[in-house]
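Trainee: Could you take me on a close look at one part of this structure, the largest pocket? I'd like to hear what lines it and what sits in it.

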Amino acid sequence: MSERVTILTGGVGGAKLVLGLCHAIPAENVTAIVNTADDFNHLGLAVSPDIDTLLYTLSGKANAAQGWGREGESWSFMEALRSLGAEDWFQLGDGDLALHVLRSKRLQQGEHLSSIIADFASAWNISARILPMSDDRVGTMVGTDEGLLDFQHYFVRRRCEPVVRTISFEGANTAKPAKGVIEAITGSDCKAILIAPSNPFLSIDPILAVRGIREALVETRTPVIAVSPIVAGKAVKGPTANIMMELGLEVSAVAVANHYAGMIDAILVDERDAPAPLHIASAQADTLMTTLEDRIRVARAALELADSIRR
Ligand code: FO1
């Protein structure tokens, strides 16, 4: 009986659903393929925000209210940094620093990101498999009315204020999928592939831009289910709705389904959204994920939708 489930994820919303999935089925049967195009080098440190949000979320260390970083964090590094007049727009907590320092050291020694992350996950007793989409460098660049900005500059330093005109993923066309990524999509032991309710343009598209991943999703016989990040015409968190408007798209689950057309078999939409005419199968559920029970409920609803679709 094929047991495994693969989930494509990035950002805060995605991490919530991965956690729900790790409670809905045995966590060791979960493979998360994670966006790494938000990664950037800050003060000489290799920062991988979407990977780290998942490490914290799955190990119970996450600052749930903030969506990133650790619960109960201390900030003496930032205070010392400010006293030295260094740039302080990107908050690096004292505990969070350990990830960046260790990751930077091991990357500089030539190790692959995927093996570093696997060690961090096992150190924190995370039994789900966390795979970066690629071990090669990919960087989201946001073309705005203020010019071309790298992602963290747009997202954190400028707080998403610049108007988005284009989104591109530097390095995606030469980046190779990390070991295990394609098999996690095409393997016969995989019973469902979920696209988490992450920002389709900033968190999922970079994964699809890595050579071979979009093609694998189109070819796989395993049902591919997207969970809509739009609830009642609004994004639950983050700039998804604004970006859809700035890109001239309708802010709706239908627009998300169209964005993933050709790759997904069905979409799970929120019960607050009218069951709009969709060109693919869909189901409705309460997709707001505040509590752990909510996250498990959404994961179960997505898996049920997958079960109802047999390619
Ligand atoms: N987001 C912020 O809005 N402000 C920050 O200072 C900040 C610091 C930070 C440090 C480490 C990390 O892993 C994530 C951090 N984030 C911060 C969040 C990050 O920019 C976003 O989570 C992702 O890039 C988008 O999903």
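**The largest pocket**

Mentor: Sure! The largest pocket is lined by 45 residues, and those nearest its centre are Gly 11, Val 12, Trp 68, Phe 155 and Lys 237. Before we go on, this is a predicted model, where local features need pLDDT of at least 70 and side-chain atom pairs count only at pLDDT 80 or more, while totals for chains, interfaces and linings use all residues. Residues are numbered from 1 along each chain as its sequence is written, and side-chain values use heavy atoms, with hydrogens and water left out.

A pocket here is an open set of points on a 1 Å grid over the protein atoms alone, where a 1.4 Å probe fits and protein lies on both sides within 12 Å along at least five of seven lines; a lining residue has an atom within 4 Å of a point. This one holds about 1000 Å³ of space, a volume being the space filled by probe spheres set on the points, which are joined across faces, edges and corners.

Now the walls. Helix 1 (11-24), helix 2, helix 4 (94-108), helix 6 and helix 8 (200-209) each give at least two residues to the lining; helices are DSSP runs (H or I, at least four residues), numbered from the N terminus. By class, the lining has 19 nonpolar, 18 polar and eight charged residues. Nonpolar means Ala, Val, Leu, Ile, Met, Phe, Trp, Tyr, Cys and Pro, charged means Asp, Glu, Lys and Arg, and the others, Gly among them, are polar.

So what's inside? The ligand takes up the space of the largest pocket (a molecule sits in a pocket if more than half of its atoms lie within 2 Å of its grid points). Around the ligand are 13 residues, of which Asp 38, Asp 50, Phe 90, Gln 91 and Gln 152 come nearest; being near takes a heavy atom within 4 Å.

Three of these names come back when we look at ligand oxygen atoms. A polar side-chain atom of Gln 152 is 2.7 Å from one, a polar backbone atom of Gln 91 is 2.9 Å from one, and a side-chain N or O atom of Asp 38 is 3.0 Å from one. A polar contact is a pair of N or O atoms within 3.5 Å. Taken alone, the ligand exposes 530 Å², and the protein buries 91% of that (Shrake-Rupley method, 1.4 Å probe).

Helix 2 (49-58) and helix 6 (151-157) are the elements giving two or more residues to this shell, and helix 6 gives the most, with four. The shell itself splits into seven nonpolar, three polar and three charged residues.

Key
A polar contact is a pair of N or O atoms within 3.5 Å; within protein, one must be able to donate a hydrogen and the other to accept it, and residues adjacent in sequence count only if both atoms are side-chain atoms.
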